[in-house]
Structure formats: C-alpha cells, structure tokens
Amino acid sequence: MGWGGPGDPGVGTWHNWARTHAATPIRVARPRGIDDLVREVAAATAAGGRLRAVGTGHSFTAAAVTDGVQVHLDHLAAFEHLDPRPDGTTHVTVGAGIRLSDLNAGLAARGLGMRNLGDIDRQTLAGAISTGTHGTGALVGGLATQVVGCRLVTASGDVVETSATRDPDLFELARLGLGTAGVLAAVTLEVVPAFLLEAREEPTTLEAVLEGLGDLVDGNEHFEFYWFPHTRGVLSKRNNRVTDAVARPLSPLRRLVDDEILSNGVFELFNRWAAARPTAVPRLNAVAHRTLTARTYTGASADVFVARRRVRFREMEYAVPREHVGDVVLQVDAWLRRSGEPVPFPIEVRFAAADDLWLSTAHGRPTGYVAVHQYHRMPHERYFDALEHIVADVDGRPHWGKMHGLDHTRLSGLYPRLADANRVRARVDPTGTFRNAYIDHVLGPLP
C-alpha cells in the first residue's frame, strides 16, 4: 500500500514483497533530509521506542518489521559527490535510499559502473548492502565489499561518518549489519569506469556443469547456473568483460519473448498449473528447459547483470564452502527424488570470492551460493527444511535477507566475528532503538 507525507500515523499494514511478513507501525516517517531523520531517530530513542528503516521490502525475512516507527528513505536518494582516485576508480557518495535501478542509471550517465551486481535492482542501496546482497564471480564480492564509507544516524541522533579508517568497527556493522548500527543516510561506493559484458547463456546438463564446475567458475568473470529440478536440464550463464567492442544487445523482439513472455508471463502460468496439479511439475520443468535456446549478446554491465522477475516466490539461500557446492546440489537432487516434492522453480547456484566483512556470508572462504525457491501458492516448508539439513554438515550460512531457521546460538558458531558485531551494537544502540524480534533472534538480544 502507499503511505502519505513525511510523518504519517501508521494507518495500515505494511507487507514485504514476498508477503511473508507484515507490520503495523505506530508511525510512518518519510524524512526529507538528514535533519528530519535525526529528529525521528532522537525522538524514538528518547521515548524508549523502536525504529526500523525499510526499503522496498525485498527481504524475505522480518528484518524491517516494527511496531514502532517505520522510516522510508525515498527522499535521501541523490548523487552527492564524485571523487576520482589515482588508481582509476571513483568514490561516489549517494543517498542511502536510492534504488539500485536509479543508482545504475546515474552511474552509467557519468561513465561509471559497479564491479558486480545481483540480478535484482528493485532494492534500495541501504537495504541491499545491509542484508548482504551479492552477485556472482569467483574474484569479486558482494555489494557491501564495494562500500568504502557510510554516513549514519546513530540511536543518540548523532550523524557519524565512518570508514575503514574512521571507527572501523562501526564501519563493519554499518555496511553489513541489518540496520543495527543506525539508519544509513548516505553510502560511499568504490566504482569503476563503465564496461561492457558479453553474456553467453546455454542449455546444458547438470552432469556436464558439475563435472566442469571448477573451470567454469575460474574461467569466467561471472558464472552461474540454473538447474530445473526433476530434470537433468541446466541453463548456464557466463558474463565476461569485452573491450574495444560496441554493444550488441538482444533485439527488442527476442528480449520481449525471452525475458517478458517466457520468463515472466508463461512462467507464471506454469507455476499456477503446478500449484493446481503438483504431479505435473516434472513434465512442466522438462518443457520449460526445452524452450530455452542459446543466446549471446553484449551490453552495458548493469543491463546484463539485472533480470526482470515478477513471479512471486519464497526463497532460501545458503552460502557454503565452494568445494562443497556439487555435493550439496546432488544431495538436493537425491532428496527430491526420494520425497517426490514438486518444485517448479529452478535452483540457482552462484559464487563469490572470500572477504573479511564481519557478517558477510563469504567471510573467510571462497563461497558458493545455493538458492532454492518455491512458488508462493505452493508449500515450501518441507523443501526448505531439507536444504537446511543438507547444508548444516558443511557449515552453510544463510543469506541475511532470505528465509532460514537458524538463531544466534547456531550463527555465532558460523560467524567468528558475531561477538564483535554485538559489542558494537551495544556501544552505539544501548537502549535498543533499532532492535526487533528478528534482530534479537539472529544476532542475539543485548542487555
């Protein structure tokens, strides 16, 4: 639903995109600048209340749920400053409420681009980095690894600039911390000159992909694959930079047919049929895979990274050590065969370099991501529970913005710096202004 002006009373129920969580805040704030935001946060803290910032609601979790003040950062979305660096990169400061789609367009207009992106651009920048959004690529990290500075409003109402050299502990929690360090007002990103990607998409088999997985991941800048459950069919995607080339995008007709009619319109119909007749799912998936054809095209990086996804679903994604990806996928395949669970959505597998962010799913290890989805009209619980049991044996870490069943007791064993994150939380938010039940569940309650 829509909300009104910058300080509306909570007069309705907010839902996230997946309709997995809802909230009825007592107040909905849309600050028009940093001063408005400071007043909102300071007032909530003084009253002993709760406040959570919300973006587009693209998280599948209850991260943004609050019965206190809900803050939308739509008006904090401008490009503020560009700082070219000697190494050829540029530091770009933007309002934290900017949508990724607007960020990508603004960067392109300035001859710049992100090193890596996920395949969805509907989120706000603040929401995407705070929940650990990532793309794919053996040598690149998620969006938060591209953050070099943050401006945030802490629980006391202070405006703090932080970076790797200015309160580095706070910086760790600010750039990937589920909004527990404060409300992000602006983010400084390290971006690169605009570049073109050549996309190669090919139907193949699960056996072929898993047999050559090492070469596919290491031999391409960005590799991922989609496996159609109940079949051996896979769609592989390889994206690599090209130089001294001109964009060769798909024709408007091919893009319309592939990305709109087949990937959204027809796929929605397939899933509705699957919900009505679950026993038809294996045949539907086989048909879906057979409709895929190889295609190669070249375009601006953001145009290649980003896909349009309008079919509503539930999602669980786990990060596992890269060397275990093949085993995890095969165990999921074996479980599906044993259980007969109908799954019309492809399983998505991506990769990332190891990083040192405290709460990153790729902290300290080269990582593979196994994401399972289920159509929103079909039950997902048994399927998701099965994945969670499979990845437990290889210390799988759940994506912070997607469904999972782990609590802070288990997560403290998976994240060696979780205690440090909680130490910073206690320092900058001693009264718990930015807490909610989900935060306490996954990070742990503070005194």
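In this predicted model, helix α10 spans residues 325–339 and helix α11 spans residues 381–392. Their axes come within 10 Å. The two axes cross at roughly 140 degrees. Angles over 145 degrees would count as roughly antiparallel, and 65 to 115 as roughly perpendicular; α10 and α11 are therefore oblique to each other. The crossing of α10 past α11 is right-handed.

Residues from both helices build this contact. On the α10 side, V328, Q331, V332, W335, L336 and S339 take part. The α11 side supplies R382, Y383, A386, L387, I390 and V391. Nine of the contact residues are nonpolar. Two are polar and one is charged.

Helix α11 also meets strands. This helix lies across β17, β18 and β19. Its direction runs at about 5 degrees to β17. Strand β18 covers residues 347–352.

These strands belong to an open sheet of eight strands. The strand order is β16-β13-β15-β14-β18-β19-β17-β20. Pairing in the sheet is antiparallel. One edge is strand β16, residues 295–300, and the other is β20, residues 397–398. Each edge strand pairs on one side only.

Within the sheet, β17 comprises residues 313–321 and β19 comprises residues 367–375. Nine bridges join the two strands, which run antiparallel. In this pairing, P321 stands opposite T367 of β19.

Definitions and conventions
Residues are numbered from 1 along each chain as its sequence is written. This is a predicted model: local features need pLDDT of at least 70, side-chain atom pairs count only at pLDDT 80 or more; totals for chains, interfaces and linings use all residues. Side-chain values use heavy atoms; hydrogens and water are left out. Axes are lines fitted to C-alpha atoms, for helices over the stretch in contact, and angles run from 0 to 180 degrees between N-to-C directions. Helices (H or I, at least four residues) and strands (E, at least two) are DSSP runs, numbered from the N terminus. Angles under 35 degrees count as roughly parallel, over 145 as roughly antiparallel, 65 to 115 as roughly perpendicular and the rest as oblique. A crossing is left-handed if the near helix is turned anticlockwise from the far one by less than a right angle, and right-handed if clockwise. Contact means heavy atoms within 4.5 Å. Ala, Val, Leu, Ile, Met, Phe, Trp, Tyr, Cys and Pro count as nonpolar, Asp, Glu, Lys and Arg as charged, and the others, Gly among them, as polar. Two strands pair if DSSP finds at least two bridges between them.
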